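Student: I should like to learn how to read strand pairing and burial in a structure. Where should one begin?

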Amino acid sequence: MPTNYLENSTNVYALHPEQWVIGRAVEVVVLYADTRGFSNWVLTVTPDQVADFSYTLYEYTVHLGVHTQRPFRKFLGDGFLLLWEVPDCGSAGNALSLALGTAFEIHKWYWHASAERAYPSPAGLGIAIAGGTSICVQPSLVGERDFVGYPLNCGARLQGLAGPYGVVLDAHSTALATVHHRRLLREHSPTLHLALHPPTPAATLRVRAMKGLREEDRGGFSYVTWPAIGAKLWERDGRL
């Protein structure tokens with residue numbers, strides 16, 4: 001059915017397209033976070049503990065947005081996505097910088113929250129960051145926007161290559177971080193410095209079976225670690 005028609009049980013109403021749905025192309029940076037081992041973990045704890053874990057994860061996600069230019073967010077069961085529109089951030093580099101900083105703040109928070117819980121926590125979150133052109137879809141009768149397009153599909157797939165406390169970058173973000181490495185990888189500070197790593201053999205093998213990825217993302221993705229903090233807290237680099 002054309003998008004300029006709204007149908008109920010008895011009538012079809014013709015609407016002007018501009019009154020029904022609005023779409024616009026926009027460059028974005030999207031962050032996907034997914035809880036590792038969640039499905040098996042829920043079998044080992046009580047329903048109240050599952051609810052408590054989910055609530056604290058969602059609460060932190062909302063709180064996090066207040067300090068990171070209020071990105072679009074969507075909760076996805078045992079995970080979530082955050083999305084920054086590049087025009088709102090000034091540049092793709094600024095948006096990626098926000099996403100990278102947010103990714104490791106999430107890991108840091110998760111480690112501390114897990115240490116304070118009175119019950120065992122899942123192993124950690126796996127995160128992927130992807131960038132490019134997306135379509136923002138906003139039904140004007142509802143007013144709630146959503147985003148569709150390749151960067152979201154790519155991020156959803158690549159997060160499967162991140163182990164607990166891992167961060168994966170798509171080819172687009174890897175290229176940007178490589179060119180602007182001094183700023184995006186925070187090379188000015190030994191404590192804040194991020195390290196960029198090529199795909200591991202295990203990840204290279206797994207990505208071959210993934211559908212819906214562009215060829216550049218099958219071989220051009222990378223891992224990012226925070227050596228100074230990761231070695232002290234979660235003691236793993238999140239690579240497969």
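Tutor: Begin with pairing: two strands pair if DSSP finds at least two bridges between them. In this predicted model, strand β4 (residues 72–75) and β5 pair in the antiparallel sense over 4 bridges.

Student: Which residue of β5 does Lys74 stand opposite, and what is found in the hairpin of β4 and β5?

Tutor: Lys74 stands opposite Leu81. Between the two strands the hairpin has 3 residues, and Gly77 takes a positive phi near 70°.

Student: How many residues of strand β5 are buried?

Tutor: Buried means under 20% relative accessible area. In β5 (residues 79–85), 7 of the 7 residues are buried, so the strand is largely enclosed by the rest of the structure. Gly79, Leu81, Leu83 and Glu85 point one way, whereas Phe80, Leu82 and Trp84 point the other way, and all are buried. For the protein of 240 residues, 46% count as buried.

Student: How should one read a nonpolar core?

Tutor: In soluble globular proteins, nonpolar side chains tend to be buried together. Here the largest nonpolar core has 45 residues; Leu31, Trp84, Leu100, Ile106, Ile127 and Ile129 touch the most other members. Helix α5 (residues 92–116) gives the most to this core, with 12 residues. A second, separate core of 24 residues includes Val30, Leu81, Ala128 and Tyr150.

Student: With which residues is Ile127 in contact, leaving aside its neighbours within four places in sequence?

Tutor: Among them are Leu31, Ala103, Ile106, Ala162 and Val167. In the protein, residues 24 or more positions apart account for 70% of the contacts with a separation of 6 or more.

Terms used
Residues numbered from 1 in each chain as written. Predicted model: local features only at pLDDT ≥ 70, side-chain atom pairs only at ≥ 80, totals over all residues. Heavy atoms only, no water. Buried < 20%, exposed > 50% of the residue type's maximum accessible area, 1.4 Å probe, protein only. Contact = heavy atoms within 4.5 Å. Core = buried A, V, L, I, M, F, W, Y, C linked by side-chain atoms within 4.5 Å.
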